[in-house]
Amino acid sequence: MHTLSNNKISIQVNPKGAELNSLFNKETNLEYLWNAGAEWPKKSPVLFPIVGGLKNNTYTYNGKEYTLLRHGFARDMNFNLIGQTSNSLTFSLKSNEETLKVYPFDFTFMVRYTLHDTMLEITFIVQNTGAENMYASVGAHPAFKVPLVVGTTYEDYFLEFNKVENADRWPLSAQGLIEEKSVSYLDNTDVLPLKKDLFTADAIVFKDLQSTSITIKSNKTPHGLKVRFGGFPYMGLWSTKQADFVCIEPWCGIADSVNADVQLENKEGIAVI
């Protein structure tokens, strides 16, 4: 485990998956990340080279079919620490024999964590080291502890968007694929109250938010956390099984739709690098 701190906050990062394992405020003595309990064993996995699931867990590229599980392989692979400064850690994953079996591109994928006073900045850097176009998506999946402080409950908290939203939700099929039609969800509001049954039908997926930040807040405590995600066109909100966390997931990419043709070049949200 690699650690980094300043006078205000500290972090821990596991080289497996370059996964953030702790986000701790020294002044308030509060840990902001979920504890990876039995309900969900992760804390903040990094999603690459896809976000979400593929139709039948497969895609086709140059006439060949490949199998790739939900959210890709990066979260389960060991990264190398390639850079460290007084306020940053940079981790790197390079294509290898194992990745090429399921993803036929040469790449370097880096994750950089940088501390700025009470803010943690996370930067994803994707480099195409091959000779042809590369197709990839990247996303974050941090699980934040709710309730944050003793004496409050999950239902005491809400998510506050920095702009008033009129946004549809894109439902997920039983296979985790994006359904054909969206449903009305946020109606002229900047608030989404948190409830344990909010995620009964899996993640809440947005394609068209106007906001560039979401804040976890409560009227019963001044403590909270803001996630800024400018430049990420998709957003997922998720929790599971009555667990005490909420995931705020900025994505550059999205799961396949139920009608996807499974051609990698045609995948919604895929970037050409």
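Visitor: What is the strand order of the open sheet of four strands?

Guide: Happy to walk you through this predicted model. The four strands of this open sheet pair in antiparallel fashion. From one strand to the next, the twist averages 25°. Reading across the sheet, the order is β16-β15-β18-β19.

Visitor: Which strands stand at the edges of that sheet, each with a single partner strand?

Guide: The order β16-β15-β18-β19 belongs to an open sheet. Each edge strand has a single partner, so one of its sides is left without a neighbour in the sheet. The edge strands are β16 (183–193) and β19 (221–228).

Visitor: Which residue in β19 does T215 stand opposite?

Guide: Let's look at the pairing of β18 (residues 213–218) with β19. These strands run antiparallel and are joined by five bridges. Opposite T215, in β19, stands K226.

Visitor: Which residue takes a positive phi in the hairpin of β10 and β11?

Guide: Strands β10 (residues 107–116) and β11 (residues 119–128) run antiparallel, with 10 bridges joining them. Within this pairing, Y113 stands opposite I122 in β11. Two residues lie between the strands of the hairpin, and the positive phi, near 55°, belongs to D117.

Visitor: How many disulfides does the count come to?

Guide: A disulfide calls for two cysteine sulfur atoms within 2.5 Å. The closest cysteine sulfur to that of C247 is in C252, 17 Å away, so the two are too far apart for a bond. The count is therefore zero disulfides.

Visitor: Is C252 buried or partly exposed?

Guide: C247 is buried, at a relative accessible area of 0%. Buried means under 20%, whereas C252 has 25% relative accessibility. C252 therefore counts as partly exposed.

Technical notes
Residues are numbered from 1 along each chain as its sequence is written. This is a predicted model: local features need pLDDT of at least 70, side-chain atom pairs count only at pLDDT 80 or more; totals for chains, interfaces and linings use all residues. Side-chain values use heavy atoms; hydrogens and water are left out. Buried means under 20% relative accessible area, exposed over 50%, partly exposed in between (1.4 Å probe, protein chains only). Two strands pair if DSSP finds at least two bridges between them. Axes are lines fitted to C-alpha atoms, for helices over the stretch in contact, and angles run from 0 to 180 degrees between N-to-C directions.
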